[in-house]
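Here's a quick walk through a fold, written to be read with the viewer open. Keep the sequence to hand as you go.

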Amino acid sequence: MRYIEPHGHMVSRTTDDYQAMVTAGCVAVCEPAFWAGFDRGSVSGFRDYYRQLTEYEPARAAKFHLPHFSWLCLNPKESEDLALARDVLAIIPEFLARPNVLGIGEIGLNRNTRNEMKVLEDHVALAVAHDQLILVHTPHLEDKLKGTQLILDVLGAHRGVKPERVIIDHVEEHTIQRVLDRGFWAGITLYPDSKSSPPRAVDMLEICGRERIWMNSACDWGVSDPLAVPKTALEMRRRGHSEDFIDAVLFRNPHRFLSQCPKFRIPAGAGA
Ligand SMILES: [Zn+2]
């Protein structure tokens with residue numbers, strides 16, 4: 001089988017994980033900028049991180065013949081210092097033309113605060129001004145429904161946002177349909193303990209259909225599984241879904257969304 005890992009925080013993974021992903025059929029990995037487990041204290045800290053995402057990590061992935069792409073932003077958790085956020089957003093355009101950068105992400109909300117909303121709006125404006133794809137993080141647990149609605153409202157209020165160029169990630173049963181109904185793409189994150197398990201993810205596909213949906217493992221520094229996407233193929237097979245269905249969800253869907261950025265290219269022979 002072939003699949004794309006459209007949302008994996010590879011800077012926190014080992015080379016064993018790269019090897020296992022490629023062996024399982026991964027043909028491309030995309031890495032959104034995210035929180036490092038601590039708040040970075042300076043603009044230069046973010047500049048170094050963006051260099052890691054656009055220089056070092058693609059080179060590390062290339063050792064395993066895996067194309068690596070990235071998304072850039074300031075994570076919602078780090079939005080409370082508005083002066084720092086403003087200065088960080090100002091350096092992002094320096095990196096947007098780099099060959100592996102697909103867009104702005106993962107932006108969004110964490111605790112749905114006023115400052116997070118301001119920085120979300122600034123990111124959306126930045127993405128529209130530079131004609132970038134957008135990848136959105138939605139809050140956890142009890143904040144998810146309210147946060148998702150706030151995010152949909154921010155995106156809907158900006159006339160330059162094209163819903164087909166936006167993916168809203170970490171959807172769950174109570175948020176997926178309202179994301180799809182507004183014309184956006186929806187991402188299902190597969191975690192061992194929280195967000196969605198493979199059976200819950202396949203339930204959502206069976207209820208909502210397979211259009212404009214992708215699956216990802218996040219595979220960050222917390223409890224997570226870099227093989228969660230191919231393991232979900234097993235759950236689909238167990239329920240009798242066809243290989244074409246699996247290929248559509250795990251490869252063709254993310255390929256279609258990501259190909260809206262002309263820089264997203266998978267080498268011939270690697271499944272595309
Ligand atoms: Zn993430």
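What follows is a short tour of the sheet and of two helix pairs. Keep in mind that this is a predicted model. The centrepiece is an open sheet of eight strands, paired in parallel, and the helix pairs covered below are α4 with α5 and α7 with α8.

**The sheet**

- If you trace the strands across the sheet, the order reads β1-β2-β3-β4-β5-β6-β7-β8.
- The edges are β1 and β8, each of which pairs on one side only.
- On average, neighbouring strands are turned by 25 degrees against each other, ignoring direction.
- Helix α4 (residues 114–129) packs on this sheet, where it touches β4 (101–108) and β5. The direction of α4 makes about 160 degrees with that of β4.

**Around strand β6**

- Strand β6 (residues 166–169) runs parallel to β5 (residues 133–137), and four bridges join the two.
- Looking from β5 across to β6, you'll find Ile134 opposite Val166 and Val136 opposite Ile168.
- β6 is also joined to β7 (residues 185–189), by two bridges, and this pair runs parallel too.
- Ile168 has Ala186 as its bridge partner in β7, so that residue is a handy one to click on: it also stands opposite Val136 of β5.- Which way do the β6 side chains face? Val166 and Ile168 point one way, while Ile167 and Asp169 point the other way. Each of these four residues is buried, the charged Asp169 included.

**Helices α4 and α5**

- Helix α4 packs with helix α5 (residues 144–157) at an angle of about 40 degrees, and their axes are 10 Å apart.
- The two helices are therefore oblique to each other.
- Their crossing is right-handed.
- On the α4 side, the contact is made by Met117, Leu120, Glu121 and Val124. These meet Leu150, Ile151, Val154 and Leu155 in α5.
- By type, the contact residues come out as seven nonpolar, no polar and one charged.
- A reminder for reading such lists: an α-helix has 3.6 residues a turn, so residues three or four places apart point the same way.

**Helices α7 and α8**

- Helix α7 (residues 198–208) packs with helix α8 (residues 228–238) at about 60 degrees, with 9 Å between their axes.
- That angle makes α7 oblique to α8.
- The α7 and α8 crossing is right-handed.
- Pro198, Pro199, Ala201 and Val202 are the α7 residues here, and they meet Lys231, Thr232, Glu235 and Met236 in α8.
- This contact divides into five nonpolar residues, one polar and two charged.

**More on α8**

- Which residues of α8 are buried? They are Ala228, Val229, Pro230, Thr232, Ala233 and Met236.
- Those buried residues pack against β1 (3–5), α1 (15–24), α7, β8 (213–216) and α9 (243–258).
- Thr232 and Met236 turn up twice, as buried residues of α8 and in the contact with α7.
- Just after α8 comes Gly240, which takes a positive phi of about 90 degrees.

Key: Residues numbered from 1 in each chain as written. Predicted model: local features only at pLDDT ≥ 70, side-chain atom pairs only at ≥ 80, totals over all residues. Axes fitted to C-alpha atoms, helices over the stretch in contact; angles between N-to-C directions. Parallel < 35°, antiparallel > 145°, perpendicular 65-115°, else oblique. Left-handed = near helix turned anticlockwise from the far one by under 90°. Contact = placed C-beta atoms within 7 Å. Buried ≥ 20, exposed ≤ 12 C-beta atoms within 10 Å, placed from the backbone. Pairing = 2+ DSSP bridges.
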